[in-house]
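Got the viewer open? Let's take a walk through the fold, one selection at a time.

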Amino acid sequence: MGVTIDPTVVGEGPDHPKEACGLFGVWAPGEDVARLTFFGLFALQHRGQESAGMAVSDGNRIVVYRDLGLVSQVFDERTLTTLQGDLCVGHTRYSTTGSTTWENAQPAFKTNGSRGLALGHNGNLVNTADLAGPAARRGPATTDSDLVASLLAAHLDQGLERASLEVLPTLSGAFSFVFMDERTVFAARDPHGIRPLAIGRLPSGYCVASETCAFDVVGATYAREVQPGELVSLDERGLRSVRFAPSPRQALCLFEFVYLSRADSRLIGKSVHEVRRRMGRALARQAPVDADMVIPVPDTGHSAGEGYAEAAGITYGEGLMKNRYIGRTFIEPTPSLRARGVKLKLNPLPDTIRGKRLVVVDDSIVRGTTTRQIVAMLREAGAAEVHLRIVSPPIRWPCFYGIDMSTKDELIASDASVEDVRRFIGADSLAYLSLDGLLEATGSTADAFCRACFDGQYPVPVGAGEDAPSKFVLERL
C-alpha cells in the first residue's frame with residue numbers, strides 16, 4: 001500500500017540540495033588581488049548567495065569587507081579600490097551552520113592583539129559542540145567557521161602555520177579552508193577531502209579556489225588539488241605543503257558532480273559537463289520512455305539532458321526558461337501572489353511543448369514541491385505527457401557535511417517509494433539513475449566518494465537523534 005504525502009508536511013522549499021560555500025584565495029604581489037578575488041568569487045556565486053566578503057593584506061595589516069547579498073551587490077569599484085594589498089581571501093556563503101546574519105558572513109576575522117587572521121570555510125564540522133568551550137566563543141557569530149578562527153587565534157603567538165598544525169587535527173567533519181595572516185595565504189582540506197579545493201598558478205603567484213572554473217575567469221592555470229589532510233602555504237617562499245593528518249581514504253561529495261559544481265569545472269581530473277552527459281546517457285539506458293522531446297530543468301539539467309537525448313535518439317530542446325537575474329531575493333511573494341502562480345525563476349515555452357510527450361531531466365529531488373509545480377506548469381502549457389528522469393538516486397539520508405538538508409523530514413524519498421513520489425509530483429512516470437550508474441559515469445569507484453545522502457554510509461561518524469549535528473548548535477549552547 002502506498003504512502004500518502006501531505007504537501008503541508010513536506011513544506012515549501014527547494015527541490016535541489018542547497019549550495020555549498022565558495023572559496024577563493026590569492027597571493028600575487030603586484031596584482032590587483034581584490035579585483036582578482038572579486039571575479040573569482042563571481043565565478044563561484046552559484047555556491048552561495050547569502051553573503052560575500054573578502055580580506056586583503058598589504059603585509060602589515062588585514063582589512064576585511066563583507067556583507068549580506070550577492071558578490072555584485074556587496075562590492076563595487078569604490079570598495080575594491082580601498083582593498084589594496086598582495087594577498088587576499090574571499091568567500092560566498094550559503095549557511096549550513098548559523099543563521100543568515102551579518103555577523104556570520106565570512107571571512108571570519110580574529111586577532112590576538114598583535115597578529116590577525118581571516119578565514120573562509122566550505123563544509124560543516126560534526127564536533128562543533130565539543131569544540132565550543134568558553135575560550136573558543138569570541139564575539140556574536142554562531143558559525144563553526146568563526147569557532148575555528150577563534151581556536152587558531154588562541155595559538156597565533158606561535159605563527160599561523162604552527163597554530164594550524166595544532167588546531168586542524170582536532171576538527172572532525174567536512175572542511176575546506178582558505179585563510180591568511182598578514183603575509184601568507186593558507187589552504188587546507190579535511191582528511192577525507194569531502195569538499196573540493198584546487199590550486200592555480202598566476203604569472204606572479206598562486207591562487208586557490210573551490211572550483212577550477214574560477215581559474216579560467218582570473219587567467220590562472222590549474223596546478224593540482226589540495227590533497228585530503230594537507231595544509232598548503234602560499235607566499236614569497238613559493239608553494240609549501242605539510243600534512244596535518246593522515247587520509248584514510250578520499251571521499252569527495254558525490255553531489256559535486258550531480259549538482260553543486262559548475263559544468264565547466266573539473267573534479268578529480270574529470271570534466272563535470274562530460275560526467276553529467278554520461279549520467280544522462282546511463283539514465284536513458286536504464287529508464288527509456290517513448291517520447292517526442294527531452295527538455296532539461298535549468299541549469300544543471302542541460303548536460304545530462306543532452307546525454308539522455310543522444311542515447312535515446314529523441315529530439316533535445318528547451319522547454320523551460322530560467323530568469324537568470326532573479327538571484328536570491330529577500331523579498332518573498334505574498335500568499336496571494338503565490339496562489340496566482342507567480343513564476344519567479346522558471347517559465348514554460350508553450351509553443352515548444354504543446355501537445356508533446358516530454359522527458360524532463362533534472363539532477364535531484366529534495367522536497368518535491370518545486371518539482372510538483374514544474375510538472376503542473378508544463379501540463380498547463382499543453383504538454384501531453386510529462387516523464388520525469390532524475391540523474392541521481394533518491395536522497396534518503398540527511399547531509400551533515402555542508403549541504404543544508406540535515407533532517408530526514410526534509411527529504412520526500414526518505415520514507416516514500418518511487419511510485420509514492422511520482423503520484424505526489426503528478427508525473428506520468430518517474431525514474432532515478434541508480435547509484436551504480438552514477439558511479440560508473442564518474443569513472444571512479446564508490447570508495448572515492450561520500451555517498452551518504454544516497455546510501456547512509458557516512459565517512460566521518462555523526463551522531464544520531466539529538467546527538468546529530470544541528471545547523472543552530474552554537475545558537476542553542
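Before we start, a word you'll need: an angle between two axes counts as oblique when it is not under 35 degrees, not over 145 and not in the range 65 to 115. Also keep in mind that this is a predicted model.

First stop: select residues 272–286, helix H10, and residues 301–312, helix H11. They pack at an angle of about 40°, with their axes 6 Å apart. H10 and H11 are therefore oblique to each other, and their crossing is right-handed. Now show side chains. On the H10 side, the contact includes His273, Arg276 and Leu283; on the H11 side, look for Tyr308, Glu310 and Ala311, among others. Sorted by class, this contact has six nonpolar, four polar and five charged residues.

Next, move to the sheet. It's an open one with five strands in the order S18-S17-S21-S22-S23, paired in parallel. Select 315–316 and 429–432 to see its edge strands, S18 and S23, each of which pairs on one side only. Then add residues 385–390, strand S22, which pairs with S23 over four bridges in the parallel sense. Want one partnership to zoom in on? Arg389 has Ala431 in S23 as its bridge partner.

Keep the sheet in view and select residues 369–380: that's helix H14, packed on the sheet and touching S17, S21 and S22. The direction of H14 makes about 150° with that of S22.

Last stop: residues 230–235 (S12) and 238–243 (S13), antiparallel strands joined by six bridges. They form a hairpin with two residues between them. Finish on Glu230, which stands opposite Arg243 in S13.

Key. Residues are numbered from 1 along each chain as its sequence is written. This is a predicted model: local features need pLDDT of at least 70, side-chain atom pairs count only at pLDDT 80 or more; totals for chains, interfaces and linings use all residues. Side-chain values use heavy atoms; hydrogens and water are left out. Two strands pair if DSSP finds at least two bridges between them. Contact means heavy atoms within 4.5 Å. Axes are lines fitted to C-alpha atoms, for helices over the stretch in contact, and angles run from 0 to 180 degrees between N-to-C directions. A crossing is left-handed if the near helix is turned anticlockwise from the far one by less than a right angle, and right-handed if clockwise. Ala, Val, Leu, Ile, Met, Phe, Trp, Tyr, Cys and Pro count as nonpolar, Asp, Glu, Lys and Arg as charged, and the others, Gly among them, as polar.
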